[in-house]
Amino acid sequence: MRRLLTPPWIVLHFFAVVLTVAFGLLGWWQLSRAQGGNAISWGYAFEWPLFALFTLALWIRQMRLELRKDRPVATRRGKPEPPPMTSPFEAAIVAARRDEHEPRAAAVEPSLDQRAQGSHA
């Protein structure tokens with residue numbers, strides 16, 4: 001729990017609270033404008049509170065991820081983490097890199113310059 005009280009987290013907490021309150025106040029302001037006859041404000045009256053909820057959801061998610069970071073894998077609930085993604089072209093990439101570093105591959109296949117000289121001679 002102490003890691004959520006470090007300076008970067010305190011700044012994050014501050015911004016989350018400020019944004020949530022600001023979005024709530026903007027929603028209230030748009031609701032009062034909509035009730036006064038401004039039809040387009042009805043959309044904004046529902047949009048701003050959604051932004052506030054989204055801010056809260058991200059804030060809570062980030063705190064939960066931070067607290068879960070150092071827990072051992074055995075005590076975590078749910079599915080295990082998937083293995084890192086691999087490219088379907090990985091074998092071809094490794095082979096190409098290997099060929100770049102092997103001098104015999106270049107010696108076996110003539111270069112373009114050698115081919116051009118051989119065809120004109």
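The questions and answers below concern a predicted model.

Reader: What pattern does the protein follow when read along the sequence?
Author: In this predicted model the protein has five helices and zero strands. Read along the sequence, the pattern is therefore made of helices, and, with the definition of helices and strands applied, the protein follows α-α-α-α-α.

Reader: How many ångströms apart are the end C-alpha atoms of helix α2, and what span should its 28 residues have?
Author: Helix α2 runs over residues 41–68, and at 1.5 Å a residue its 28 residues should span 40 Å. The distance between the end C-alpha atoms agrees with that expectation, because it comes to 41 Å.

Reader: Against which helix do the buried residues of α2 pack?
Author: The buried residues of α2 are Ser41, Ala45, Trp48, Ala52, Thr55, Trp59, Met63 and Glu66. An α-helix has 3.6 residues a turn, so residues three or four places apart point the same way. The partner against which the buried residues of α2 pack is α1 (7–35).

Reader: Is Thr55 buried or exposed, and which residues is Thr55 in contact with, leaving aside its neighbours within four places in sequence?
Author: Thr55 is found in helix α2, and its relative accessible area is 13%. Because buried means under 20%, Thr55 counts as buried. Leaving aside neighbours within four places in sequence, the residues in contact with Thr55 are Ala16, Leu19, Thr20 and Phe23.

Reader: How many residues apart in sequence are the parts that the pair of Glu66 and Arg3 ties together?
Author: The side chains of Glu66 and Arg3 meet in a salt bridge, with an N to O distance of 3.8 Å. Glu66 lies in helix α2 whereas Arg3 lies in the segment before α1, so the pair ties together parts whose separation in sequence is 63 residues.

Reader: Which residues do salt bridges that share partners join into one network?
Author: By the rule used here the count comes to two salt bridges, and besides the one with Arg3, Glu66 forms a salt bridge with Lys69, where the closest N and O atoms are 3.4 Å apart. Glu66 counts as buried at 17% relative accessibility, whereas Arg3 at 25% counts as partly exposed, and Lys69 at 48% counts as partly exposed. The residues joined into one network by salt bridges that share partners are Arg3, Glu66 and Lys69.

Reader: What percentage of the exposed area of the protein do carbon and sulfur atoms supply?
Author: Buried residues make up 14% of the 121 residues in the protein. The protein exposes about 10500 Å², and the part of this area supplied by carbon and sulfur atoms is 67%.

Methods:
Residues numbered from 1 in each chain as written. Predicted model: local features only at pLDDT ≥ 70, side-chain atom pairs only at ≥ 80, totals over all residues. Heavy atoms only, no water. Helix = DSSP H or I, 4+ residues; strand = E, 2+ residues; numbered from the N terminus. Expected span 1.5 Å × (residues − 1). Buried < 20%, exposed > 50% of the residue type's maximum accessible area, 1.4 Å probe, protein only. Contact = heavy atoms within 4.5 Å. Areas by Shrake-Rupley, 256 points an atom, 1.4 Å probe, with all protein chains shown as cover. Salt bridge = Lys/Arg side-chain N within 4 Å of Asp/Glu carboxyl O.
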